[in-house]
Amino acid sequence: MTDAAPTPGGYAAITGEIVDIALDYPDRRAWWACFGLALLLLLSFFVSVTVLFWYGVGVWGNNIPVAWGLAISNYIWFLGIGHAGTLISAMLLLLEQHWRNSLNRFAEAMTLFAVVCAGLYPLVHLGRPWLFYWIAPYPNTMTVWPQFKSPLTWDFFAVLTYLTVSILFWYIGIVPDVASARDRARKRRTQVFFGLAALGWRGSAHHWARWRQAYRLTAAIAVPLVVSVHSEVSLLFAAGPIPGWTSTVFPPYFVLGAAFSGFAVVSMIAIVLRHALGLQNLVTPRHLDLLAKLLLATGLMTAYGYWAEVFDTLYAGEHQEMGTLLDRLGGVYAWSYWGAVVANFVPLQLLWFRRVRVQPLLLFLISLSVTVGMWFERYMLLVTTLYRDYLVSSWREYHPSFWDWSLFAGMLGVFLTLFLLFVRFLPIISSFEVKEALFEEKGKKEQAHG
Amino acid sequence: MDMDREARTPPHIDRRSLLRAMAASLALASAAGRRARADERALPYVNAPEFVVPGKPKWYATAVGFSGCAQPVLGKTYVGRPVKLEGNADHPLTGGATDVFMQAALLGLYDPARSQAPQLLGQAATWAAFDAAVAGRRLTLEARQGEGLRLLTGAVSSPTLLRQISDLLRRWPKARWHVSEPLSDANRQQAAQTVFGRRLDQLLRLDEANVVVSLDDDFLGAGPRQAPYAHRWSKRRLAWQQGQGASQLHVAESSLTTTGSMADHRLTVSPSRIGLLVAAIAQELGVGPAPAAPLAPTERTWTKQVMEALRASHGSSVVTVGAAHAPDVHAVALLINERLGAHGNTLTFIDPITSVPAPDDENSVAALAGDMNAGRVSTLVMLEVNPAYATPAGLAFRQALEKVEFTLHAGLYVDETARLSHWHVPLQHDLESWTDACSVDGTVCLTQPLIRPFYDVRSLHAVLDRWAGDTRSDHDLVRATWRHAWGSDFDDRWRDSLVRGFVADSAPTPVLPTIANRNVSIKAPTAGALMIDIRPDPTIWDGRFANNAWLQETPKPISKVTWGNVVVVSPRLAAERRISRGDELRLEANGRSITGAAWIAPGQDDKTLTVTLGYGADRTGPLPHGLGYDAFALCNDAGSWVLDGARLGTTGKHLVVASTQLHQEMDGFDFVRRVDRADRPVKKHPEAASFYPERKWDSPSWGMSVDLDLCIGCNACMVACMAENNVPVVGKELVEQGRQMHWLRVDHYFEGDANEPSSSFQPVPCMHCEQAPCEMGCPVNATVHSHDGLNLQVYNRCVGTRTCASYCPYKVRRFNWFENTGDDPEQLRAMRNPDVTVRSRGVMEKCTYCVQRISAARIASQIAGHPIRDGDVVTACQQACPTQAIVFGDVTDRASAVSRRKASPRDYSLLEEANTRPRTTYLARVRADRRPS
Amino acid sequence: MAEPAPGAGLFGMLAEFDRPERLIEAVEKARQAGFRRLDAHTPFPIEGLAERLGFADQRVPLFTLLGGIVGAAVGYGMQVYTNHAFPIDIGNRPLVAPPAFMLITFELTVLFAVLFAIGSMLALNRLPRLHHPLFDLDEFHLASSNKFFLLVLGNDPLFEEERTRAFLETLTPTRISPVEHTEVPE
């Protein structure tokens with residue numbers, strides 16, 4: 001069977017179906033509605049950041065002991081989501097899973113924009129954000145270098161690398177489709193835009209050969225990169241000597257959680273685009289089914305992480321760690337712990353049934369619940385640890401302020417704006433790879449017939 | 001007045017309650033412009049060069065006044081700007097001990113909210129106009145021998161002021177002098193009057209007392225005697241730790257105090273029962289009849305143990321009763337002490353250092369109010385008092401003021417009284433005046449100015465001198481007093497006294513009075529309904545320090561509440577009435593009522609509500625508004641601080657209480673550890689192995705040891721730290737949000753039974769961990785380790801990731817959430833310690849072990865060409881501590897004081913399990929040792 | 001692959017096919033006929049097509065490896081150098097703490113490897129190149145959609161306009177068109 005349903009009219013039709021979305025967007029009214037909303041949120045971003053920079057971090061709810069707050073937990077959340085794209089396209093590319101072709105393009109785009117949001121958070125959360133570049137190693141008048149033993153410096157390099165690699169991987173992947181957009185473009189403006197973006201790609205066999213070498217190599221390197229990046233993010237916590245953070249479970253626990261939340265978001269986007277742009281025969285029930293299976297698998301692994309964490313604490317029975325555990329289960333922020341457990345793993349169980357997996361609406365809702373659940377988890381891991389650490393004398397609750405929330409809304413705005421622009425102006429599915437897959441399937445069939 | 005409007009604006013996003021409001025005042029900014037000038041007639045403490053060396057501090061010995069008594073201090077000045085006050089180690093009484101009020105006096109000097117010009121009916125006026133008015137007034141008075149003239153002052157021990165007053169009264173026999181000192185020793189003096197036939201001051205020789213029995217007397221708590229008493233008590237405690245004698249403290253009190261926290265044996269009891277306990281002890285010793293009512297079982301066991309202790313230590317024990325209790329209770333206590341052989345040994349008597357004007361004695365204010373209402377007062381001169389606020393509501397002093405045809409208020413602030421007076425004139429702060437006063441042991445302290453007045457203000461002496469028809473300066477007046485007293489050798493003694501800060505051997509020799517009257521007995525307690533126990537506030541006293549932001553932001557020792565006062569209720573009562581922390585309570589007694597926030601604390605008597613003075617939502621003047629309640633509003637007449645038959649209700653409202661420590665139960669942890677005897681080793685956790693090789697530290701390498709067995713939680717170290725290190729004040733809103741900036745905090749913990757808890761204090765500065773997690777976390781090398789073992793914070797390198805704070809197991813790091821210093825008024829900038837960087841917004845800060853003092857010592861020793869000696873570096877907190885609980889020094893030097901402390905078996909480090917290898921370690925508290933040797 | 005210098009003669013001869021299979025046959029025939037300077041243009045990568053055209057270039061993987069090595073060296077070297085350039089005691093850790101340095105070393109290895117891989121790919125493909133003789137042909141825009149082209153370059157030793165066209169005819173393409181040099185020399 002073919003992954004993309006056989007398209008009447010072959011290659012040309014596929015090209016048209018995908019590329020024409022970018023050239024002549026079908027349902028503009030709906031797009032503008034969404035974009036309007038996105039711009040509103042974006043406005044909230046700019047207002048929040050202005051207030052933040054004007055008055056200082058004090059406008060947030062942070063305090064001592066909870067010196068980090070929503071900013072950092074959201075950073076981890078966004079970055080986690082940002083892991084699915086690369087995972088899907090890189091890993092499945094290497095495994096020659098052709099069904100990936102219908103998903104990888106927008107999954108990668110999603111990754112990019114999520115990482116952008118994630119990257120912005122630690123930046124604005126600084127006490128003196130205008131000096132953020134001091135974390136970068138460069139010869140300076142103070143002749144001081146960054147402190148390379150700090151998890152924050154590790155993160156700085158990890159996120160930067162991840163962002164660069166994701167952009168490049170996504171861009172060289174989209175060039176051939178941009179070329180076909182260039183060739184189909186009728187308006188001068190779009191011709192120039194795509195003409196420049198296509199770098200003069202003309203599908204030469206020699207070019208394809210080298211392109212393939214580079215593309216596959218990048219994919220091969222990207223997979224361990226993804227793992228390393230979120231492991232490092234987890235060290236941001238695990239490297240601190242604070243009960244509830246110092247745990248060797250964290251790196252794998254975080255990576256799985258990241259993939260988990262990422263796949264959830266990919267599924268949501270896939271379902272929405274599929275309906276909004278009528279891509280039913282490119283994003284087929286089989287794709288939903290496979291996504292759901294991935295979601296279920298990573299979800300169960302994450303659940304194991306939860307269990308392992310609790311078990312470790314009970315097994316060690318260390319007074320402080322126990323305190324933190326009990327507090328998570330029953331303290332002021334128990335809602336975040338149980339919220340995470342329930343939202344992450346309860347609806348997830350429905351995915352054992354194929355009927356649910358291929359039912360777009362249900363899958364969407366489950367994915368949504370997972371996305372929220374993972375947000376709870378990040379919040380729980382950060383706040384429950386800090387607001388009650390070693391000395392009872394410094395215990396104090398943390399409540400995000402209005403400006404915490406408005407910035408969060410703003411960040412979602414940044415993400416939506418970027419993503420909507422991508423949907424509107426670029427080929428959101430890798431048309432040439434769909435065609436390639438089609439060709440190779442045909443080849444196989446003919447061999448089969450004799 | 002625009003300051004009020006400012007102060008009343010609703011809390012703003014980056015609003016710091018007090019200082020910002022002050023900054024807004026135009027008058028201040030302009031007044032502050034003037035250059036600081038030293039008074040060249042003042043003599044430096046150590047022989048400094050005649051000329052001023054910028055950057056090189058000069059020290060002056062002087063004193064600051066507190067309720068009539070002198071608190072000896074050394075003032076550190078840079079080019080004529082006082083920047084820090086420290087205890088005067090040479091002073092026979094305090095030996096360098098300080099308290100919060102002494103430390104915070106510096107801010108009192110620079111307070112931008114101080115009154116800066118005379119006012120007539122609230123309108124700015126000139127001194128010339130004032131002088132004219134006084135001259136006019138004098139004509140009529142002269143004619144009627146001063147009839148109708150009343151002088152109202154606080155307690156006075158200043159020989160010069162007393163001389164001026166008596167001169168005035170001699171000149172105008174019909175004039176009268178009244179004293180308004182809400183919290184005085186009047187009851188004790190009355191008791192002396194009854195028993196000895198003469199008024200006497202009592203002084204506890206706690207350094208001599210193996211056994212101290214305190215009946216509701218918080219002698220280690222805030223007050224004029226705190227520093228000397230804490231100092232003396234710690235001497236005994238230290239000796240006992242070395243195995244000499246005993247140091248037992250038995251306390252019966254209604255609400256947990258610092259004294260109660262140090263008690264080996266504490267009893268929670270209603271104030272109404274104190275008399276009974278005293279009577280019971282008296283009976284046991286055969287100096288009094290049986291108590292008027294039977295004792296409760298707990299009271300009996302407590303008394304039994306007290307008696308054992310007392311009998312076992314004749315001549316080295318003392319019984320002391322709280323000043324708030326009735327004279328007859330004190331009288332019986334005097335008899336007990338006589339029988340204990342305390343008189344002259346552990347309890348000494350001197351003639352009162354503050355004189356109370358006859359004939360009304362402690363009813364002075366009541367009498368004055370009476371005369372005012374009766375229209376017998378035509379001219380009222382109020383010097384450095386605030387009777388419109390700090391007098392019992394029963395006297396209705398405000399209304400009485402309206403009946404006086406000429407009222408003058410002279411003070412540092414435009415306070416309640418100033419607003420209700422015809423004239424207000426601004427006075428000089430002690431640190432810019434020439435005056436004299438006695439410390440509580442009677443030693444005369446000469447007060448010389450650290451700086452010329454930078455506002456258009458006058459000395460108290462000068463103002464009074466105008467009424468004598470003269471215009472002498474404070475300097476001349478004080479010199480006149482002593483020239484007369486010393487005669488020929490005036491010049492030498494004057495110079496000598498100025499250099500020392502006190503007149504050598506001027507303390508009166510203690511008297512050993514004979515008992516004239518043994519026929520004293522204690523009235524039966526009124527039936528134990530709900531009681532209200534009114535106490536001075538531990539940080540703003542009777543409200544006179546309400547304007548001092550340092551003191552406002554200093555947490556109350558037990559509750560850790562800042563910027564307001566609370567109503568303390570016991571856990572059981574709270575459970576009964578379904579009261580939770582912060583609920584607004586309505587208290588009613590003798591027909592008056594107040595509403596305040598509830599605070600639930602262990603060790604509180606179930607039938608007693610403890611309230612403190614000094615606050616009040618409707619207080620006027622330049623102080624932060626809307627804070628707490630006014631306990632004076634409950635009082636009928638002066639001196640009665642325990643109100644019976646109180647009624648308690650809730651208004652249903654919930655109030656914001658800004659406490660720096662919300663959780664005070666130790667929850668089974670061992671942050672504060674205890675040992676049974678001073679020589680027993682404390683329980684330690686095995687130190688975890690380190691992944692990295694041990695580092696060899698070369699000398700000097702700094703460390704600190706804090707003896708929890710000596711710490712009385714008085715907060716002197718905290719305020720000293722704020723002054724030394726330019727620590728900003730953030731205000732109530734931010735404290736409530738957990739954003740206070742104190743580099744050194746004093747944690748307070750309860751353990752055990754809610755009714756009879758064991759309570760302890762733990763000062764927590766930066767631990768300067770050898771394996772500091774904060775350093776590991778910082779991505780920009782803003783917090784790093786120094787060669788001499790300090791954990792440094794590099795402000796200009798900090799970008800504010802706050803990782804260090806997140807990683808710090810002790811949470812000692814403080815973050816500048818807003819711009820805390822940029823908009824300080826000029827006065828506060830002038831007050832800053834030039835050796836310490838002022839931190840800007842978005843930067844992390846924390847205790848540096850007073851690194852500026854370390855480098856000063858290093859420079860000095862290099863110039864002198866010898867290594868830094870032990871004791872060359874004294875941190876601000878160490879210097880301020882009245883009990884020598886804090887010791888600092890080189891830990892690599894076996895012989896250093898700190899090394900000797902750390903060698904003690906009681907030495908342990910906080911949170912060993914975090915494996916941070918702290919340089920600040922603690923000495924465990926020693927449990928009660930009931931066998932006095 | 002070197003392109004014919006502008007000036008004399010054509011840039012090349014382009015044959016259009018409508019199915020990839022036909023193109024592959026054509027390529028093989030052209031090779032048998034002795035043509036060496038050939039190129040094919042397809043909407044998507046076709047497995048083995050380049051090899052049939054005589055492509056055997058492994059430089060991209062080599063550059064990638066090189067990048068990885070450079071990255072690792074730079075990463076670790078930077079951390080060791082900076083810690084010695086300004087030695088600071090951090091939490092009593094040794095100046096050079098390999099466990100702590102590994103992560104950044106890995107990140108830079110990855111970064112450089114990818115930069116080299118993609119950089120070398122573009123460089124060896126002579127991209128970006130916004131103008132090319134082929135773009136002058138109207139039908140060529142289908143190369144990115146559904147048409148498959150064989151290009152015989154003008155600098156092939158066997159190239160001679162008429163004979164090459166005749167040869168291409170035998171492959172029964174859907175269309176044959178000569179490719180002129182562009183007027184504007186780059």
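Select chain B together with chain C: where they touch, twelve residues of chain B and eight residues of chain C are in contact (heavy atoms within 4.5 Å). Together the two chains bury about 990 Å², buried area being the accessible area (1.4 Å probe) that two parts lose on being put together, summed over both. Carbon and sulfur atoms account for 57% of that area. On the chain B side, highlight Y692(B), R695(B) and M776(B), which supply 43% of the area that chain B buries against chain C, more than any other three residues.

The model in view is predicted: local features need pLDDT of at least 70, and side-chain atom pairs count only at pLDDT 80 or more, while totals for chains, interfaces and linings use all residues. Residues are numbered from 1 along each chain as its sequence is written, chains are lettered from A and ligands numbered from 1 in the order in which they are written, and side-chain values use heavy atoms, with hydrogens and water left out.

Stay at this interface and show R695(B) with D89(C). These residues form a salt bridge, with the closest N and O atoms 2.4 Å apart; the term denotes a side-chain nitrogen of Lys or Arg within 4 Å of a carboxyl oxygen of Asp or Glu. Next, colour α23 (773–777) and β32 (783–785) of chain B, the elements that give two or more residues to the side touching chain C. Helices (H or I, at least four residues) and strands (E, at least two) are DSSP runs, numbered from the N terminus. The largest share of this side, three residues, comes from β32(B).

Now select chain C alone. Chain C is divided into domain 1 (10–57 + 131–180) and domain 2 (59–124), with bounds taken from an automatic or database domain assignment. The C-alpha centres of these two domains lie 44 Å apart. Then move to L127(C) and P128(C), whose shared peptide bond is cis, with omega near -5 degrees. P128(C) sits in the loop between α4 (98–124) and β3 (148–153) of chain C.

Turn next to chain A and chain B. Their contact takes 54 residues from chain A and 58 residues from chain B. The area buried between them is about 4,600 Å², and carbon and sulfur atoms give 58% of it. Select I64(A), L391(A) and R396(A): they supply 16% of the area that chain A buries against chain B, more than any other three residues. For a salt bridge here, show D389(A) and K811(B), whose closest N and O atoms are 3.0 Å apart.

I64(A) deserves a second look. A cis peptide bond joins I64(A) to P65(A), with omega about 15 degrees. P65(A) is found in the loop between α2 (28–55) and α3 (70–81) of chain A.

Two further stops concern backbone angles. L199(A) has a positive phi of about 60 degrees although it is not a glycine, and it lies in the loop between α7 (188–197) and α8 (205–238) of chain A. L199(A) counts as buried (under 20% relative accessible area, against over 50% for exposed and in between for partly exposed; 1.4 Å probe, protein chains only) because its relative accessibility is 15%. Finally, select N915(B), which is not a glycine yet has a positive phi of about 55 degrees. N915(B) occupies the loop between β37 (907–908) and β38 (920–923) of chain B and is buried, with a relative accessible area of 16%.
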